[in-house]
Amino acid sequence: MELGVLIKMVYLALAIAFANAAADIGGSFSVIEERVLAEEDLTWAGHGDGEKRDVEALLSIKNAVTLDPLHSLSTWTANASSNACSWNGVSCRKNTHRVVAIILPQLGLEGTISPSIGNLSLLHTLNLSSNSLMGRIPPQLGQLKALRVLDLMDNHLMDSIPTSLANCTHLQWIRLSKNNFTRSIPEEFGGLINLQHLRLSYNGLSGSIPNSLGKCTSLLVLVLGFNSLTGGIPSELGRLEKLQILGLQSNRLGSQIPAALGNCSSLEVLFLGDNSLNGSIPPELGNLKQLFQLSLYGPGNLTGSLPAEIGNCSSLVWLDLGWNLFKGSLPLSIFMLPISTLSLIGNKLSGTISSEVGKLTNLVSLDLGINGFTGSIPESIGNLSELTSLNLGTNRLAGSIPAAITNLTLLENLYLDTNNLTGILPEAMGNFRSLKKLYMVSNNLSGSIPYSIGELKNLTQLAIYNNKISGAIPENIGNLVSLQRLDVSGNQLTGQIPQSSGNCKSLTDLVLADNFLTGTIPATLFNSTAFKRLKLSSNSFHGDLNLNFSSSTEVISAHSNNFSGPLPASLANCTHLQLLDLSKNRLTGEFPPDILANCQELRVLSLGSNDLEGKIPLWITNLTSLQVLDLSNNNFSGRIPSSLKGLKGFQIPESSQLTGNTLYEDMPIVIKGIEYTITYVLTANTILDLSYNNLVGQIPESIGNLFSMRLLNLSGNQLVGHIPASLGQISTLEQLDLSQNSLSGQIPEELSNLFLLAYFNVSFNGLCGHIPGGPQFVTFDERSYQGNPPCLCDNTNRSTFKKCIKNVALVSPSEKKDKSLWSRLDEHVSLIAVGLGLGIGFAGTISVIVWGTSLGNWIRTLK
């Protein structure tokens with residue numbers, strides 16, 4: 001059972017026990033009741049007896065309830081008023097019919113709380129929790145001098161918390177969590193000297209925490225988390241020597257953690273995380289010998305080191321000073337963000353991790369992730385034999401992983417990612433028999449994957465990508481029958497995918513990209529019916545891809561390999577496919593009929609740099625989510641289908657978004673003549689690349705309907721006719737490459753409307769007439785237009801072109817095939833240079849790949 005669940009169960013049991021005790025109408029309440037009765041004799045003289053008033057109040061409370069789905073108040077009727085004590089949820093004082101408790105939780109009641117509730121003068125317990133009551137808490141509740149327990153948690157109550165509650169001086173329990181209360185916490189609550197539990201979490205409370213709460217010296221529990229409280233943590237809270245639980249997390253609290261909290265000697269749970277706290281962690285917290293949980297997780301601005309005095313908190317079971325990415329609050333893909341971004345999420349603690357942490361032998365969870373800790377991982381961490389979760393990820397830790405860490409045989413989660421760790425993976429990793437999640441990504445680890453890893457039969461996630469690990473994937477990887485995610489990408493692995501991997505029938509994610517793996521893909525790999533993501537890119541795999549893809553498959557990335565043969569027929573099963581990237585392989589043949597026609601979720605289709613042929617199939621327009629279509633550097637022929645205007649993914653208004661904003665994938669794409677890798681495929685990355693094929697005919701006018709497109713590349717084909725003026729409608733266009741075709745006529749003036757255009761190339765065509773004006777076109781020099789007839793003219797300061805005059809005679813285009821290969825190669829390289837000079841200007845996050853394309857590949861692109 002998880003620790004958090006266990007704690008919640010304990011708290012719930014305590015709450016129920018306290019509520020039951022409060023519902024007991026005898027004992028200590030009798031003194032208070034007699035005092036209130038004496039006051040009533042004076043206040044209500046001549047106004048009838050109290051029992052009648054109680055019945056009238058109860059009926060008024062019922063009338064304010066607009067929905068009672070379980071008929072819980074069906075017994076509350078005027079006909080039964082002589083015995084209201086038998087009504088459901090009502091308890092009375094012994095030997096009288098005076099109401100002392102109303103307990104009606106979790107009944108689905110809707111409506112408001114009647115102000116008449118203030119007439120139940122002997123009421124000491126009111127529990128209407130977990131209903132759907134709305135409106136305000138009536139200030140008349142402040143008339144209830146005997147009230148001890150007020151529980152209105154988990155309703156839809158709103159507005160401010162009435163200050164009149166401070167008149168209920170015998171209150172011991174106030175629970176108003178999970179409502180819609182706003183404004184500040186009443187300063188007057190400081191007068192409730194008998195208050196033991198104050199729970200106001202999950203509301204919209206603002207303002208500061210009242211200093212007066214330091215007078216509530218009976219407080220055992222103070223929970224104000226998940227609001228919008230500002231200011232500092234009052235040092236006056238240090239007076240609360242009986243306080244056991246202090247929860248102030250997820251507010252907007254600033255300033256430092258007061259050292260006075262070290263005086264709360266009974267404190268067992270201290271939650272201050274997810275605020276804007278600054279300064280250092282007070283060493284005085286080491287005085288809290290009873291402390292069970294300490295949580296100061298980010299985002300925050302805590303600085304300094306981890307005080308050695310924390311090692312004195314010998315009762316600590318949970319120490320959380322980081323931000324655990326695996327709690328479900330953030331996606332795992334956040335690891336792809338730069339460390340500078342991650343630092344905004346965690347704290348800023350630094351220095352070495354004190355060896356004193358090894359004294360906390362009761363620790364079950366230790367989270368120091370996303371900070372700035374340096375030095376090595378202390379050997380003493382191996383003393384924490386009860387540890388089930390260890391997170392030291394996203395720091396600046398160096399050195400090797402201590403062998404003593406393998407003593408932690410109860411570990412279920414181990415996160416050492418994003419540090420500067422070196423050396424090899426511990427050979428005794430097989431000791432982690434309980435391990436479920438292992439993350440050691442983005443370090444400088446070397447050596448091979450230990451064979452003992454095959455003993456981790458409970459492992460569900462294994463991520464060791466972006467290291468320098470070499471050797472083969474162990475054959476016994478198939479023993480990991482619980483494995484769901486395997487990511488060893490970005491290493492130096494060699495050899496083949498083990499046949500035994502087919503035994504991992506729970507596998508959903510297999511990421512082997514950017515290694516030196518070879519061989520064919522085992523057909524057994526798809527024994528798992530839950531397979532979702534397969535990433536094999538940038539290896540040396542060969543053979544065909546005739547694998548058994550299923551409807552659960554979402555991502556297939558196998559670019560930059562040596563796969564051959566036709567497109568796998570099983571792609572027709574992939575009805576939930578989002579990304580298919582098989583570019584830079586040796587695939588042949590035509591598109592099988594309707595192979596992807598049912599892939600309505602497909603967002604990226606990249607088949608560039610293969611030997612595919614035939615016509616562009618019309619069913620592509622059925623792919624309504626498609627936002628990247630790359631068929632470049634193939635042998636496709638025929639016309640560009642005018643029906644491409646049906647690609648709705650290229651027609652998304654900026655205010656709208658496709659379902660699922662981001663795919664995390666390293667997709668190579670050529671932008672402005674340079675190859676880049678798009679790390680994040682956002683909805684903004686709308687790319688249509690049909691360059692270097694054998695396409696003929698005119699550019700369809702309807703292509704202008706793709707009005708959210710950012711990159712259009714039709715270069716290196718045999719296209720004829722005019723450039724469509726409709727391209728001027730695509731206001732988002734940032735790259736337009738129509739070079740090396742046989743286009744004629746004038747460059748449309750409408751293109752001057754493309755204010756975001758950062759790259760423009762119409763070289764080696766038969767264009768004539770004047771070049772459009774506008775702020776963008778002034779930035780494109782003569783290399784964007786070279787290889788066109790001399791009748792192309794310009795009215796800017798570019799000296800290469802003649803000034804435009806009226807009635808310029810059109811001249812036939814020069815044939816680009818007349819140019820020598822080496823001349824064309826020189827011109828292409830010139831375009832690359834100008835592309836670098838213009839800046840990228842392309843939406844989304846992109847990371848540059850070092851330009852190293854071989855001359856042979858250049859010659860191929862110039863065919």
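Two strands are said to pair if DSSP finds at least two bridges between them, and the strands themselves are DSSP runs of E with at least two residues, just as helices are runs of H or I with at least four residues, numbered from the N terminus. What follows concerns a predicted model, in which local features need pLDDT of at least 70 and side-chain atom pairs count only at pLDDT 80 or more, while totals for chains, interfaces and linings use all residues. Residues are numbered from 1 along each chain as its sequence is written, and side-chain values use heavy atoms, with hydrogens and water left out.

Taken as a whole, the chain holds 6 helices and 55 strands. Of its 863 residues, 56% are buried, a word that stands for under 20% relative accessible area, with exposed meaning over 50% and partly exposed lying in between (1.4 Å probe, protein chains only).

A good place to begin is strand 34, which covers residues 540-543. Side chains in a regular strand alternate between the two faces of the sheet. In strand 34, Phe541 and Gly543 point to one face and are buried, whereas Ser540 and His542 point to the other face and are not buried. Strand 32 (residues 518-519) runs parallel to strand 34 and is joined to it by 2 bridges, with threonine 518 having serine 540 as its bridge partner. Strand 34 also pairs with strand 36 in the parallel sense, again over 2 bridges, and here histidine 542 is partnered by asparagine 562.

From strand 36 (residues 562-565) the path leads on to strand 38 (residues 586-589), which runs parallel to strand 36 and is joined to it by 2 bridges; glycine 565 stands opposite leucine 587 in this pairing. Strand 38 is in turn joined by 2 bridges to strand 40 (residues 611-615), and these two run parallel, with threonine 588 opposite aspartate 611.

Between strand 34 and strand 35 (555-557) there is a loop, and serine 552 lies in it. Serine 552 counts as buried because its relative accessible area is 17%. Leaving aside neighbours within four places in sequence, serine 552 is in contact (heavy atoms within 4.5 Å) with Thr529, Ala530, Phe531 and Lys532. A polar atom of the serine 552 side chain lies 2.8 Å from the backbone oxygen of phenylalanine 531. The side chains of serine 552 and serine 550 are joined by a polar contact of 3.0 Å, that is, a pair of N or O atoms within 3.5 Å, where within protein one must be able to donate a hydrogen and the other to accept it, and residues adjacent in sequence count only if both atoms are side-chain atoms.
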